[in-house]
Structures are given as C-alpha cells and as structure tokens.
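Hi,

Here is the structure I said I'd pass on. Have a look at it first, and my notes follow underneath.

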Amino acid sequence: MAEDTESPTINHSFLRDYVTEADVISTVEFNQTGELLATGDKGGRVVIFQRESESKGELEDLGDIGDSGEYNVYSTFQSHEPDFDYLKSLEIEEKINKIRWLPQQNAAHFLLSTNDKTIKLWKVSERDKRPEGYNLKDEEGRLKDISTVTSLQVPVLKPTDLMVEVRPRRVFSNGHTYHVNSISVNSDGETYLSADDLRINLWHLGITDRSFNIVDIKPANMEELTEVITSAEFHPHHCHMLVYSSSKGTLRLCDMRASALCDQHSKLFEEPEDPGSRSFFSEIISSVSDVKFSHNGRYLLTRDYLTAKVWDLNMDKGPVETYQVHEYLRSKLCSLYENDCIFDKFECVWNSSDSVIMTGAYNSFFRMLDRETGRGVTLEAWRESSKPRAVLRTRRVYTGGKRRRGDVGVDSLDFTKKILHMAWHPSENIIAIAATNNLYIFQDRVSPDAHTQ
C-alpha cells in the first residue's frame with residue numbers, strides 16, 4: 001500500500017452543516033450482503049441506507065465503478081429513548097452503542113441495536129400491497145354494524161406505494177448492571193452475546209426475559225477491580241468460541257464446550273511489556289478498544305490507542321503483526337490525557353479478503369494498512385473532497401526531516417475531528433466512515449479484488 005498508489009474515490013457522502021450532540025454517529029454496520037448500511041447516533045436514531053441495485057447492474061458491465069456503490073436513505077426510525085434508573089438515580093442515554101445485522105432468512109431484514117442497558121430486535125420489511133374488501137370493516141378501517149352486512153366478499157390485495165416498515169420484535173432488558181459495549185450474533189443464527197464492563201451474557205433471540213451469564217470478572221470486593229471488559233465477539237464459524245478484550249491489553253479466547261461459565265479462558269493473548277518503556281500512561285494506551293475476528297476465523301485484529309495488532313489464534317505469545325497508527329502522538333500523551341482524548345475508543349475493521357485493515361485517527365484521518373507489504377497510507381475524510389468521484393489524496397503528518405508540501409504538523413492536528421467508527425463492505429472495496437455527524441462512503445477505483453488502496 002504505497003504512498004503513490006491510487007486512492008479511493010468518494011462514492012457518496014451525507015453531510016450536515018451544523019453539529020448537535022444528538023446527530024453524532026456512534027456506530028456503522030453493513031449487513032451480510034452489503035446492500036444495506038445502518039448507522040446509529042447519540043440521539044437514539046437508526047438510519048438505514050440501501051444500495052442502488054439498478055445502477056450497479058448497468059455500470060458493472062462497463063468495468064467502471066461509476067455510481068455502483070451509491071447508497072440512499074432507505075428508512076429512519078427512533079430505536080431508543082432516554083430513560084432513568086430510579087433505583088440508582090442515573091440517567092440512561094439514548095445513544096446507540098452497537099448495531100448488528102442478523103443473517104437474512106426471508107424477504108425481511110432483522111437487526112439488533114443497543115444503548116447502555118437495553119437491546120432491541122427490529123424487523124425491517126417492505127410492503128407494496130394493501131388489503132381491501134373486508135366484510136366487517138369499512139374503507140377507513142372502522143367496524144361495520146353487523147346487521148348491515150347482507151353479503152360476503154373475498155378480500156383482495158391491491159398495489160400501493162412502496163412502504164418500508166420497521167417494527168420492534170423483541171426487547172431484551174434487565175440483563176446488564178453496567179454499560180453494554182458489545183453485541184455479537186452467533187454463527188448458529190439463534191443466539192447472540194452482549195458484554196458490559198464486567199459481564200458477558202448469552203441470549204436466545206426468541207427469549208427476552210432471561211439470559212445466561214457466561215463470563216463474570218466482577219471481584220467480590222470492587223476495590224480489588226483491576227480491569228474491565230472492553231469488547232467481545234463470537235467466532236465467525238465456530239458457535240462455541242468467543243473472544244473478549246480487556247483494559248489491560250489482553251485477549252481471552254473462550255470455548256463454551258469446556259465449561260458453561262467461561263471465567264477460565266482456553267487461551268490468553270498478551271504482549272510482554274518492556275519494563276524500560278513503562279510510563280504513567282502505559283496501562284491507558286495499552287487498553288484494547290476493539291477486537292475483530294478475521295473472516296476466515298484464523299486471526300484477531302485489535303486496536304489500542306497508538307497501534308493496531310494482528311494475532312494468530314495458534315500463537316498466544318504475542319501479536320504476529322503490529323502497525324503504528326499515530327506514533328507521533330506519543331510525545332503528546334500528557335496533553336491528550338488532560339483533554340480526555342487518550343480515552344477515545346477507535347474501532348478497526350478487515351477488508352473482505354483479510355489482506356488490508358483499516359482504523360481511524362484524528363484530524364479526520366484514517367489509516368489503511370496492507371498486511372502483505374506492511375505499508376500503510378493515511379487518507380482524509382473532509383468536506384472539500386465530498387463531491388462524487390473525487391479522488392482522495394494521501395496525507396502525511398510531519399514529524400521531522402524534510403517537509404513536503406501539504407504535510408500536517410503534529411501541533412496542527414484537530415483532536416475534535418476524530419474517526420472512531422467505520423465499516424467495510426463484506427465483499428467489495430467499499431468503506432463507510434463516520435466523521436462526527438457526517439457519513440462518508442468511499443469506493444476503490446480499481447477492481448474489488450485488488451489490495452492496493
């Protein structure tokens with residue numbers, strides 16, 4: 001992924017001129033086919049975008065990406081409302097922490113969304129016909145006087161304008177004492193996990209009033225608490241395996257076949273610390289903010305504050321690959337601690353072939369890292385290049401030596417413009433980037449099988 005390779009083009013973007021806290025995007029997720037893209041925000045809303053299938057079919061024959069990745073708003077709905085825990089006198093925010101799509105079984109789509117406490121299952125379906133000719137109802141739906149019914153007729157379905165209906169099918173509540181940070185759908189299609197700071201619960205999609213606790217790291221005395229769970233995910237193929245990360249920078253692989261309660265992990269992944277480099281900030285910056293299984297299930301991708309790491313499930317002594325995301329910030333940790341930026345939780349994602357990884361940074365920058373060459377490129381999601389088919393230019397942060405034109409100094413970085421949330425299309429080189437309250441969708445100019453960006 002050399003600096004002089006072709007950059008992705010902007011395929012579509014959804015920009016807003018003003019920023020309110022409720023509009024800030026807090027999660028992004030493609031469904032299994034990539035035809036739908038869902039975003040959640042701090043206002044508790046979920047917006048679903050649908051890919052334009054007609055232009056996709058026409059333009060693929062021409063060998064040009066054109067508008068084949070264009071996504072338009074499909075549906076918008078209010079998933080969560082602000083709530084209040086009267087027992088603890090705490091407000092529960094409506095912010096959507098995670099969205100996960102369920103594998104599609106029929107014409108309808110299903111997704112899970114969660115805030116800090118409550119997980120909801122939503123059904124998204126289309127309706128282009130409506131029934132008419134009821135015997136006991138009039139045209140407006142009001143019940144008729146049965147004495148006026150003198151004959152029977154068969155109701156019929158008549159065409160109507162396409163409507164997208166979103167309905168709640170299940171509400172999974174009262175399962176967590178602490179804030180939910182992860183949900184992950186199991187490969188069996190019947191269960192999912194939810195994780196908070198100290199516990200991981202296993203739910204059945206058809207049962208809302210109870211869940212099974214599979215991980216509990218809460219100590220008997222909370223004063224002895226040394227770490228919390230930061231992220232958790234099921235294995236993409238083995239329904240009995242899951243991984244969770246901690247604030248100490250460790251990963252624990254659990255096998256539910258070994259024990260119903262997975263407090264005893266089957267494998268522990270951690271990188272030995274260099275005593276000579278230890279500082280006040282070491283534990284904070286080593287906290288894992290996100291963990292993702294590769295599509296083939298062989299590797300784990302993690303993100304801490306300064307680096308992205310790839311781990312082999314068969315090698316638990318340390319990561320097999322380490323990528324510096326913004327090492328130039330190491331000298332700025334003190335000021336980043338004072339403005340709380342050091343606690344930002346960056347996500348990371350794989351491309352469809354597990355050959356490229358992507359993660360976010362500050363100043364509206366995001367990084368793409370090629371595993372084959374070990375090289376990376378820094379790109380910027382910014383308003384000036386938001387026109388369709390505009391080519392993204394690579395950016396570089398100046399840290400010393402010869403300064404190039406367009407380089408950005410470390411002291412000039414805008415730490416309020418952070419790329420925390422992103423998603424990669426499951427089969428093509430299309431990515432979705434959440435930049436505060438703006439959603440950018442980029443597509444590679446080269447073929448979907450190419451690895452260079």
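**What I found**

Bear in mind that this is a predicted model. Mean pLDDT for the protein is 87, and 89% of the residues reach at least 70. Residues 1–6 are a weak spot: pLDDT is below 50 there, though the model still gives this stretch 20 contacts beyond near neighbours in sequence. Residues 446–453 also stay under 50, with 23 contacts beyond four places in sequence. I'd take those contacts loosely, because predicted coordinates should not be read in detail where pLDDT is low.

Now for the sheet. Strands E2, E3, E4 and E5 make an open sheet in the order E2-E3-E4-E5, with antiparallel pairing. At its edges sit E2 (25–30) and E5 (71–78), each of which pairs on one side only. From one strand to the next, the twist averages 20°. If you want to look at one pairing, try E2 with E3 (residues 36–41), which run antiparallel over five bridges. Thr-27, for instance, has Gly-40 in E3 as its bridge partner.

The other place to zoom in on is Phe-281, in the loop between strand E19 (267–269) and helix H2 (282–286). Phe-281 counts as buried because its relative accessibility is 14%, below the 20% cut-off. So what does Phe-281 touch, leaving aside neighbours within four places in sequence? Its contacts are Leu-333, Cys-334, Tyr-337 and Ile-342. Cys-334 lies 53 residues away from Phe-281 along the chain, yet their C-alpha atoms are 8.3 Å apart.

Cheers

Notes
Residues are numbered from 1 along each chain as its sequence is written. This is a predicted model: local features need pLDDT of at least 70, side-chain atom pairs count only at pLDDT 80 or more; totals for chains, interfaces and linings use all residues. Side-chain values use heavy atoms; hydrogens and water are left out. Helices (H or I, at least four residues) and strands (E, at least two) are DSSP runs, numbered from the N terminus. Buried means under 20% relative accessible area, exposed over 50%, partly exposed in between (1.4 Å probe, protein chains only). Contact means heavy atoms within 4.5 Å. pLDDT is the predictor's confidence in each residue, from 0 to 100. Two strands pair if DSSP finds at least two bridges between them. Axes are lines fitted to C-alpha atoms, for helices over the stretch in contact, and angles run from 0 to 180 degrees between N-to-C directions.
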